[in-house]
Amino acid sequence: MADFLFDGVTKIITEPAGVGDTTFEVARDLYSAWKRWAQLIDNAKFDQAFLVEGGTPIGATGLFTGTTFILTNGWKVKPADFDHQVLLNGNLFSDDGVVTVPADTASATVFINSSVAAQGIATGSGVPADVQQKIEELWQMRGLDVANPVTVTPTQEQSGSIDIVISGDGETTSTATRQP
């Protein structure tokens with residue numbers, strides 16, 4: 001499928017001609033196409049067409065806010081000039097409240113399917129919590145945690161809540177035992 005056409009002078013993003021009733025994904029077919037267009041020749045001289053919001057973590061749920069695309073600086077979407085319906089699937093808004101302009105002569109209808117719902121799940125590092133805790137404690141005991149300096153005496157190492165007792169003669173054998 002052809003890309004939307006971008007006119008930096010008029011700030012109009014025109015639907016590819018001749019595709020009929022169809023659905024476009026805002027992220028892929030509008031925003032990504034604009035990014036490709038903006039990198040061509042000297043198109044970066046034109047005003048930015050989109051602001052992007054989203055992907056923010058929602059507490060510790062592992063969910064993220066959905067992505068919202070906001071047309072800015074007067075940019076508008078224009079349907080191709082023939083009778084048909086267009087569905088723009090994704091969160092698309094405009095900073096002035098007007099997303100589309102009418103086709104020149106045809107009767108084209110544009111629907112925007114927006115959803116402001118949590119999307120995406122955090123996958124984390126894949127390290128189990130108990131292993132992660134041990135890694136953090138090793139980091140702390142090596143003196144790498146600025147908030148918890150390591151104190152070492154001939155009979156003890158201590159950092160934060162970690163207390164290790166050192167026994168033995170200190171010359172031939174030393175045993176370090178973590179205290180509960």
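This is a short talk about one sheet and the largest pocket in the structure above.

Hi everyone, thanks for coming. One thing up front: what you see here is a predicted model.

Let's begin with the sheet. Four strands make it up, and it is open, with the order β13-β14-β15-β16 and antiparallel pairing. Which strands stand at the edges? Those are β13, residues 151-153, and β16, residues 174-178. Each has a single partner strand, so one side of each is left without a neighbour in the sheet. If you ignore direction, neighbouring strands in this sheet are turned by 15° against each other on average.

Now please look at the middle of that order. Strand β14 covers residues 156-159 and strand β15 covers residues 162-168; the two run antiparallel and are joined by four bridges. Keep an eye on E157, whose bridge partner in β15 is I164.

Why pick out those two? Well, both E157 and I164 turn up in the lining of the largest pocket, so let's go there next. The space in this pocket comes to about 150 Å³. Along with that pair, the lining consists of K134, E137, L138, M141, R142, I162, A176 and R178.

Where does the lining come from? At least two residues each are supplied by α2, which spans 129-141, by β15 and by β16. The largest share belongs to α2, with four residues. So how do the lining residues divide by character? Five are nonpolar and five are charged, with no polar ones.

To wrap up, then: β16 is an edge strand of the sheet, and β16 also helps to line the largest pocket. Thanks, and I'm happy to chat afterwards!

Definitions and conventions: Residues are numbered from 1 along each chain as its sequence is written. This is a predicted model: local features need pLDDT of at least 70, side-chain atom pairs count only at pLDDT 80 or more; totals for chains, interfaces and linings use all residues. Side-chain values use heavy atoms; hydrogens and water are left out. Two strands pair if DSSP finds at least two bridges between them. Axes are lines fitted to C-alpha atoms, for helices over the stretch in contact, and angles run from 0 to 180 degrees between N-to-C directions. On a 1 Å grid over the protein atoms alone, a cavity is a set of points where a 1.4 Å probe fits but cannot get out, and a pocket is an open set with protein on both sides within 12 Å along at least five of seven lines; lining residues have an atom within 4 Å of a point. Grid points are joined across faces, edges and corners, and a volume is the space filled by probe spheres set on the points. Ala, Val, Leu, Ile, Met, Phe, Trp, Tyr, Cys and Pro count as nonpolar, Asp, Glu, Lys and Arg as charged, and the others, Gly among them, as polar.
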